[in-house]
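Hi,

Here's the structure I said I'd pass on. Have a look at it first, and then read on for what turned up when I went through its charged side chains.

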Amino acid sequence: MSEVAQIPDLLPPPARVFVAGHRGLVGSAVVRRLTASGYETIVRTRAELDLRDEAATAAFLREERPDAVVVAAAKVGGIMANSTQPVQFIEENLRIQLNVIAGSHAAGVPRLLFLGSSCIYPREAAQPITEDLLMTGPLEPTNEAYAIAKIAGIVQVQSYRKQYGASYVVAMPGNLYGPGDNFDLQTSHVLPAMIRRFHEAKEAGLDEITLWGSGTPRREFLHSDDLAAACEVVLRHYDATEPLNVGCGYDLTIRELAETVADVVGFTGELVWDTSKPDGTPRKLLDSSRLTALGWKPQISLRDGIATTYSTWRQEQS
């Protein structure tokens, strides 16, 4: 990372970092990365600290006074969950963001990284998507509530920078997967859902499996460990108002993804596409050149990442 060497280190280890949402896909990867890099990570379970509770969150941040906060806590899910629970998706995410970001500022936390999502971009955004396309067109209807909550978090961070000069920043990852993902078929994202469904179909000896949509939408998939590495770079070397995209730089169709997952899992049956179900946004490919200019680049190939995610999930089931 020769370019990074030219940029001041804003958060050198062994700084104390509170990772909100440490049990999730993203938060657990961030904890692994920061711990390995020599940081002291601070975590709390929901039973210990409900981030939806304003007073409890503010008190915790005042007592701990971390050097930085990573806001990885969020209510997330796939098309089905977003479509059927829009109230929970907007309200829970708004509460968490408001409490953690405002509480961090009130406690004097000097650095904060808020993690947004690529779904905040317009449904018909030009590809690859650059950061300046935010709020330039209508959102994808199936996840509008979640996207609006994330946009509110971005504006909140930018407002603290503008009004108080806070050294708070935003990163916006694309579709994520990896160890610790959610494999619940009612609430999971597309990739872990495919892994579980194909595995169960293989175990049951099924000769076909039906998938939602046409299979034509294109998506990029970033491993959570690659995102965690990006988070460390951003925390240490980025301090500007504009969000940073975090993507792997290439995409593939959902049909191609399904074929890859089926091959990794060992399901040899037919893939049937139910075109009466929604596809979601036609394409989401992020332009991550502003981040790669800081010296970061993804290291984990999609096929290798799927294989390790599948292997980890199977171990957890045994």
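A quick definition before the rest: a residue counts as exposed when its relative accessible area is over 50%, as buried when that value is under 20%, and as partly exposed in between. Also keep in mind that this is a predicted model.

By that yardstick Glu124 is exposed, because its relative accessibility is 59%. Its salt-bridge partner is Arg123, with N and O 2.7 Å apart. Arg123 itself comes out as partly exposed, at 28%.

How many salt bridges does a search of the whole structure find? The count is 20. Two others caught my eye as links between distant parts of the chain.

One joins Glu92 to Arg52, where the closest N and O atoms are 3.9 Å apart. Glu92 sits in helix 4 (residues 86-106), while Arg52 lies in the loop between strand 2 and helix 2, so the partners are 40 residues apart along the chain. Glu92 is buried at 17%, whereas Arg52 is partly exposed at 29%.

The other pairs Asp239 with Arg111, at 3.6 Å from N to O. Here the separation is 128 residues: Asp239 is in the loop between helix 7 and strand 10, and Arg111 is in strand 4 (residues 111-115). Arg111 is buried, with just 3% relative accessibility, and Asp239 is partly exposed at 38%.

Last one: Asp9, Arg33, Glu232 and Arg236 are connected through a network of salt bridges.

Cheers

Terms used: Residues numbered from 1 in each chain as written. Predicted model: local features only at pLDDT ≥ 70, side-chain atom pairs only at ≥ 80, totals over all residues. Heavy atoms only, no water. Salt bridge = Lys/Arg side-chain N within 4 Å of Asp/Glu carboxyl O. Helix = DSSP H or I, 4+ residues; strand = E, 2+ residues; numbered from the N terminus. Buried < 20%, exposed > 50% of the residue type's maximum accessible area, 1.4 Å probe, protein only.
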